[in-house]
Amino acid sequence: MWWMSLALARCVELDGGHGCRQDLAGWRVLDLHGTDAAIGGAYGELLRDELLGDWVPMIEEMHFGRMPVVFRKLLARHRGHFPDYFDSRARERAAGLEAALALEGGTIERYAWLADLASIGPALQLALGRTVQVDPVTGSVGNRCTSVVARDGDHTLLARNLDFWGMGYWQPHATLTFVEPLDAEGEADGYRYAQVGTVGEVFAGSSGLNERGLAVTSHLHITRDAALVFGRPRMKSSALLWEGLTGSHPRGGTAIYVLFERLLRDAATVDEAIAILEATQPVGAWSFVLADPSGDRAVVGRSYSDIHVARGHSVNTNFYLDDAMHARELHPARGPLEGARLRYARAEELRGDGELTVAQAAELLRDRWDAAVGESRTLSANSVLSADTSQSVVLELSPDGAHVLWLADPHADGFTPAALAGFTAFPFADGFAPGRSRGAQIPAPPVADAEPMAVYLQALHQHTDLHEPGRAAATLRGMDAEDPGLRLMSAWASASTGDLHAAHAELERVDRACLSEHHRVLAGWLEGEIAARTGRVEEAVRIWSETRDGLDGVDPPSCRDLDEMLRVVLQDRLDGGWKKVDLPFPDLKFQDVIELRLGR
């Protein structure tokens, strides 16, 4: 009963609003009412321990702490050129959160830039000719989300896997926030909405729906058409520095959080959401899947200076559907595009005639079929479920307003793909009631390949949490799986720890005929590294030369930049660059497994 649920909730009253928190099915469930300042303040009060104990240290140490001081200062200068990055509502909410946590003014806006830097940063990295990361395990574009719109009778479903590099943080800090924005007189200041996120997302940002039944999911893109890069395929560090120090005219550009919040707060239908996207210029590069109870849906690609609206489209992954916008994407920043296209085709196939039940939509999000090899794999970014799936949701939109959020129960380890859990129903209306109880459930499925998955997660924990790469490499070698991508990852991990004998043995187990073209290049690159570092330099030169010459330059546009970077790296090895750099350990947590480092 509701009073029993209320007894388990913690509530706070603030000037201009109030909020309550209840922990349910692994989720921190918040309902916040009031002005933006009160909402920010209540958010901070209710999540104080997690925000100050986990979120702030992660942002400051893991992200800003790893940036060179000069880049942090340069970024601060560049931020000043975007006066519309936060609007007045966002600034008010940020100020409320900063006051609750005793943070310096402007801290939340600085933190918000990290979300957009996930798009801008890799584009800058490539344009400046710096390192580029590719993923030989999965052949993927990073942040490989999948969204699918379907109908269940007279209801509309929007199913989504959020595949994010911060996977180890998201699930243990899963947060569902119901928001009722009010003005100073207590009148409605936009539609009530629910956002699915993690501790620290005081604004809506990735998945959510509002009281009118508009549902939205966002997808990241890496493209030349982003702030700071401004369409340039190549740029000098001096140009970036000069623009940061001397830029005197303000530029347009809005935070992804502000834009997403605006969609849920101000739009009732797909058409109204499209109008907002047409009128609002983001700093980064994104696409949005929109759906409403009428069955209307659209995929909208939005970058710094362009927009493409695909009305009636029901599937989205991580490439722009518009050819012109797609041509400006920079795929080598997170690997070849193969995974995004194969996931798109697989999701379309699973969607079938467009009619799915909620249970079938959840099952779609669990699919691990890799069309590149024609079988299900333990880990693959060519499948709808990836190793980075941090949240899985099915948003059920009803014409009578009885909307439901079906959310995958978070895994305590933070690393098990989210959709492999059961799903719990959170009715939208209950989010604004005095209390709530556990809703209907879809049970967790039996997990195929459970043993290789467990071994992979153990290695990930050893490397990411315990900082023991040697143990992690040994664990990967012990994995009972002949998947060539996993074996290639294991070989690279062993080589990076100096165990070249084990790396060679692992590489011998890789069936290169089952690798994609670019992954065969990476296998050749590693083979040359092992030869060079064991005194067989002439053999290494032969291997690297043959590997470089095997890049024929006739790949589709999505791969040409990657070909170019691979040629640069291989030539660097031939010029002796291998003597000046260590092999980096595969970044298992982020799935950006190999970093192409130059010895110049």
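The buried residues of helix 9 are I256, Y257, V258, L259, F260, E261, R262, L263, L264 and R265. Helix 9 spans residues 256-266 and is mostly covered, with ten of its eleven residues buried. The list includes the charged residues E261, R262 and R265.

**The model as a whole**

The structure described here is a predicted model. The protein has 600 residues, of which 62% are buried. Its secondary structure comes to 20 helices and 21 strands. Among contacts with a separation of 6 or more, 67% are between residues 24 or more positions apart.

The average pLDDT of the protein is 86, and 87% of the residues score at least 70. Over residues 332-336 the pLDDT is below 50, although this stretch has 27 contacts in the model beyond near neighbours in sequence. The pLDDT is also below 50 over residues 589-593, a stretch with 29 contacts beyond near neighbours in sequence.

**Helix 2 and helix 5**

Two packed helices are described by the angle between their axes and the distance between the axes. For helix 2 (residues 36-46) and helix 5 (residues 88-101), the axes come within 7 Å and cross at roughly 35°. The crossing of helix 2 past helix 5 is right-handed. On the side of helix 2, the residues in contact are D36, A37, I39, G40, G41, Y43, G44 and E45. Helix 5 contributes R89, E92, R93, G96, L97, A100 and L101. By class, this contact has six nonpolar, four polar and five charged residues.

**Three residues and their accessibility**

The table sets out the relative accessible area of three residues that are taken up again below.

| Residue | Place | Relative accessible area |
|---|---|---|
| L228 | loop between strand 10 (215-220) and helix 8 (237-246) | 3%, buried |
| A361 | helix 13 (residues 358-365) | 3%, buried |
| H467 | loop between helix 14 (450-464) and helix 15 (469-477) | 62%, exposed |

**Positive phi in two loops**

Most residues other than glycine have a negative phi. L228 is not a glycine, yet has a positive phi of about 80°. H467 is likewise a residue other than glycine, and its phi is positive, near 60°. L228 counts as buried because its relative accessible area of 3% is under 20%. H467 counts as exposed because its value of 62% is over 50%.

**A361 in helix 13**

A361 is placed in helix 13. Leaving aside neighbours within four places in sequence, A361 is in contact with L157, A159, L356 and V394. A361 and R151 are 210 residues apart along the chain, and their C-alpha atoms are separated by 9.9 Å. With a relative accessible area of 3%, under the 20% limit, A361 is therefore buried.

**T424 in strand 19**

T424 is in strand 19 (residues 423-427). Its relative accessibility is 0%, so T424 counts as buried. The side chains of T424 and D409 are joined by a polar contact of 2.8 Å. Beyond neighbours within four places in sequence, the residues in contact with T424 are A25, L405, W406, L407, D409, R438, G439, A440 and Q441. D409 thus appears both in this list and as the partner of T424 in the polar contact.

Definitions and conventions. Residues are numbered from 1 along each chain as its sequence is written. Side-chain values use heavy atoms; hydrogens and water are left out. Axes are lines fitted to C-alpha atoms, for helices over the stretch in contact, and angles run from 0 to 180 degrees between N-to-C directions. Helices (H or I, at least four residues) and strands (E, at least two) are DSSP runs, numbered from the N terminus. A crossing is left-handed if the near helix is turned anticlockwise from the far one by less than a right angle, and right-handed if clockwise. Contact means heavy atoms within 4.5 Å. Buried means under 20% relative accessible area, exposed over 50%, partly exposed in between (1.4 Å probe, protein chains only). A polar contact is a pair of N or O atoms within 3.5 Å; within protein, one must be able to donate a hydrogen and the other to accept it, and residues adjacent in sequence count only if both atoms are side-chain atoms. pLDDT is the predictor's confidence in each residue, from 0 to 100.
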